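Please open the model in a viewer and keep the selection panel at hand. The stops below may be followed in order.

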2 protein chains.
Amino acid sequence: MRPASSSKRATITDVAHSAGVSTSAVSKVLRNAYGVSPAMRERVQTAMDELGYRPHAAARGMRGRTYTIGVLLASIRNAFYADLLDGVNAALRDTEYALFLGSGGSSEREDQTRLIHAMVDRQMDGLILIAPTVSRSEVVHIAAEVPTVVVGHHDPSPAYDCVVNQDGVGVDLVVDHLVALGHRDMAHLSHPTVRGTQWEQRPEHHVRAAYRAAMARHGLADLARVVHSGYSDEGGYRGAMELLTSTRPPTAIFAGADVAATGVFRAAAELGLRIPDDLSLAGYNNTSVAALAPVNLTSVDQAGAMMGETAARLLLERIEKRRDRAVVMASTPHLVVRGSTAPPPAA
Amino acid sequence: MRPASSSKRATITDVAHSAGVSTSAVSKVLRNAYGVSPAMRERVQTAMDELGYRPHAAARGMRGRTYTIGVLLASIRNAFYADLLDGVNAALRDTEYALFLGSGGSSEREDQTRLIHAMVDRQMDGLILIAPTVSRSEVVHIAAEVPTVVVGHHDPSPAYDCVVNQDGVGVDLVVDHLVALGHRDMAHLSHPTVRGTQWEQRPEHHVRAAYRAAMARHGLADLARVVHSGYSDEGGYRGAMELLTSTRPPTAIFAGADVAATGVFRAAAELGLRIPDDLSLAGYNNTSVAALAPVNLTSVDQAGAMMGETAARLLLERIEKRRDRAVVMASTPHLVVRGSTAPPPAA
DNA sequence: ATCTCTTCGTGGAACGTTACACGAGGGCCG
DNA sequence: CGGCCCTCGTGTAACGTTCCACGAAGAGAT
C-alpha cells in the first residue's frame, strides 16, 4: 500500500514494468476501458497496490480529464452554503471525483472571475457556481468551455443547468404565518440590486416580488415596505433601525436572509424591544444560526443538502455526456417556526 | 483580451507563432526567467494579450509547479476557520497562486486522507492543514513530499511548519476574569481525546492543562472540573446538563469552543437559568456567532486572520525555498468581554 | 584583428497519461 | 480448411509546459 521505498512516486510505467505488461494495458484497467481480461486486470491491480500507485492528475489533465470539480462560493460564512456543500460531497463520495472549493475572501466580481479562471486553467471537469456575482454573459462563456451548474439564480440558459428554490412559496409561508398570528404591518429587508450583472432573477428579486404579491393577496398592499439594506449582519441592523425608528414601526420584520435577521436582533436590543413580544422576526435559509437557543429564529428551510446533491448529480450527467440539454431543478421550501414570531402586541 | 475567435484555447505555441519567436522564449517571459530582452518581453506580452492566453496549469504541473495551494478544513461550519481563510487569501492575493479548499463533509480521518491525497495527486505546490485529524505520521509522510503547514496542533516537527496560538495565555485570561468577578466554582467543557492519532498537543490538551494550572494558581485546584463532551452544540448541551444538574452546580462554565457554548445556552434555557444572572459563560475562538446580539458571548480572540496570513507566508517561503528549517509561530490571544459573564449570584 | 565574456534566443527532450491504430491469436461458419 | 469476426494486448503519437545545453552576435580587452 505504501510507495515501497523509492523516493519518487510510482508512475504508470513502473506499474507496467512490475506487472510485466504495457502501459496501455495499465491505462485501460485504470479507466476500466473495453478489452482487458480478468487475469490482466488482476495482475495490474496487484502491481498497483504493491507500489502504492495513484494516478498523476496533472498528466491526466493534459489528456482531458482531471476528475476534479470546482465549487465557487461567494462567502464561506453563510451557513446555508455549508449545507449545500454537504449535499455536493455526499453525491460525489462514491465517485472518483474530488471536490475543491474556491472562495475569495470577498465576493467581489473581479475576485470571482479570477477564481473561475483558476478553475478552468486547472482543467477542472465541471463547475458549480453558487450565487455567482460575475456577469451572466461571463458565465455563459465559461459554460461553453466546461460543464457548469448555477445554484440560486433563476435565469436559465441553454448553456448551463440551474438549481433553485421556489422562493415564492417560501415567502408565502412566512407571510401567511405572520398574518395568521395577527400581524398586518410586516416589513421586508432585502438586498440591494447590483447593476450590470445581467442576472435578472436573483433570489432577492423573487423574494421581493413574492412578498409584495403575498401582501396584496391579504389586502395589505399599501402596508408593504421594503428596505434594501443588504444581506449581512450590518445590513440587517441598519435596515431595522430605519424601520423601527420610523413614524410607523412595523410589528413584524421578514428578513430575506438569516444573517440579516441577526442584525435585527442587535437593533431591537439597542432600542429596548423584546423579540417576539414587541417585534416578530422571521428569516430565510434556516441556517444553523437560526437554530441556536439564544437566537431561536423562525425561518424558511430550503433543504440545502438536497440542492447540493442535485447540483452535483446534474453536473456529473453533463460531464459524462449522459445529457446534453440544459435543465432547471426547483425544490420546495418549508417553514420552521421557532420562538422569534408571536402575535403582535395588543394595540 | 478575449480568445480572438478560435474555439480552442490558445497555447504557448500559438503565442510563439503570433510573436514570431520560439516557445522557449515565451516560457521565459512567462516565468520571468533570466535572459530575455525588454523588446522580446514586450512583443510576447502583446501577443499573449491579443490571444487571451492563460497558461495551462495541468501542463505546468507535469513539469513541477502548478501554482496551486490547498487548504484542508475539518469543518466549513466553524466560523473561526473562515477568519483563518481570510488571512490566507489576503497573503496570496498578490501572488500567482490560487487557493483551493478541501472539505470533506465529515472530519472523518479517512475522508481527510482521501482529500490530502487528492491534493497531492493534483501536484499542489503546498498544503495548509487546519487542525487535521489524520495521524501525525501520515502528515510527516506527506510533508516530505510537499511543503506543509499545520495550524492548531502544538506538535512541531522538522518536516512541517506550525502556526498556533498561545492557548495557555487565553485560558489564564478567562479564569482571571471570572475570578475577578467573584467566581470560584468554574467548570470546563472540553473535547474528548481521540486515541491513536499521535497528536499529543492538540489545542484541547493545552487548554485543559492551562485550566487546571490557572485554577491551582488561584488556590481552587480542588474545585476544578472538566467534562469531555466535545466541541459541538450538542456536546455543549450534554456537558452543561451534566454539570448543572449535579449536586454542586458551578457558577460559571468555560467552554473550550464557542460552538459548545451555544449548547450551554440551550441547556440553561431548558433549566430556567438566566445567563449571566444565574450562570456565567465564556467561550473560545471569538467566532462571529459570539458577537451576535442575542448571543453576546465573552470569548477569547485568536486573531484568526493573522494566523492564516502567517501560515500562507510560511508556506510560500518553503515553496520558494527561501527557508529550509521548520518553524513554529505562536500568536497571543486576548479576551473579549461581552454580556455572558457577570458576578455570581449572591449565595 | 583576435580572443574571451556576456547576453539573449532557439532546439529539443522530457514529464505521465490517454486513445487510436494495429496485429496476433482463437473460435465459428460455410 | 479458408476466411472472417472477436477479443485482448501493444506501440506510439500526442497533450502544453519547462529547462538544459547550445550557439550567435555584440562588447570589451589586448
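**First stop: DNA strand C**

Select B:Arg63 together with DNA strand C: an N or O atom in the side chain of B:Arg63 lies 3.4 Å from a base nitrogen of the strand, a polar contact being a pair of N or O atoms within 3.5 Å (within protein, one must be able to donate a hydrogen and the other to accept it, and residues adjacent in sequence count only if both atoms are side-chain atoms). The model is predicted, so local features need pLDDT of at least 70 and side-chain atom pairs count only at pLDDT 80 or more, while totals for chains, interfaces and linings use all residues. Side-chain values use heavy atoms, with hydrogens and water left out; residues are numbered from 1 along each chain as its sequence is written, and chains are lettered from A and ligands numbered from 1 in the order in which they are written.

Next, select A:Ser27, where a polar side-chain atom is 3.0 Å from a phosphate oxygen of DNA strand C. A:Arg60 also places a polar side-chain atom 3.0 Å from a phosphate oxygen of this strand. The elements giving two or more residues to the surface near DNA strand C are α2 and α4 (57-62) of chain A, together with α2 (23-30) of chain B; helices here are DSSP runs (H or I, at least four residues), numbered from the N terminus.

Now display the whole surroundings of DNA strand C. Of the 25 residues around the strand, A:Ile12, A:Tyr53, B:Ser22, B:Tyr34 and B:Ser37 come nearest, where a residue is near if one of its heavy atoms lies within 4 Å. By class, this surface has twelve nonpolar, eight polar and five charged residues; Ala, Val, Leu, Ile, Met, Phe, Trp, Tyr, Cys and Pro count as nonpolar, Asp, Glu, Lys and Arg as charged, and the others, Gly among them, as polar.

**Second stop: DNA strand D**

Which residues come nearest to DNA strand D? They are A:Tyr34, A:Ser37, B:Ile12, B:Tyr53 and B:Arg63, of the 25 around the strand. Sugar and phosphate make up 59% of the atoms of DNA strand D that come within 4 Å of the protein.

Select A:Lys28 for a base contact: an N or O atom in its side chain is 3.0 Å from a base nitrogen of DNA strand D. For phosphate contacts, select A:Ser22, with a side-chain N or O atom 2.9 Å from a phosphate oxygen, and B:Ser27, where the corresponding distance is 3.0 Å.

**Third stop: the two protein chains**

Superpose chain B on chain A: a rotation of 180° with 0.1 Å of shift along its axis does so with an RMSD of 0.1 Å, by least squares on the C-alpha atoms of residues with pLDDT of at least 70 in both. That is the relation of a two-fold axis.

**Fourth stop: helix packing**

Select residues 23-30 and 38-51 of chain A, helices α2 and α3, whose axes are 10 Å apart and pack at about 90°. The two helices are therefore roughly perpendicular, a term for angles of 65 to 115 degrees. Axes are lines fitted to C-alpha atoms, for helices over the stretch in contact, and angles run from 0 to 180 degrees between N-to-C directions. The contact (heavy atoms within 4.5 Å) involves A:Ala25, A:Val26, A:Val29 and A:Leu30 of α2(A) with A:Met40, A:Arg41, A:Val44 and A:Met48 of α3(A). By class, seven of these residues are nonpolar, none polar and one charged.

Key
Parallel < 35°, antiparallel > 145°, perpendicular 65-115°, else oblique.
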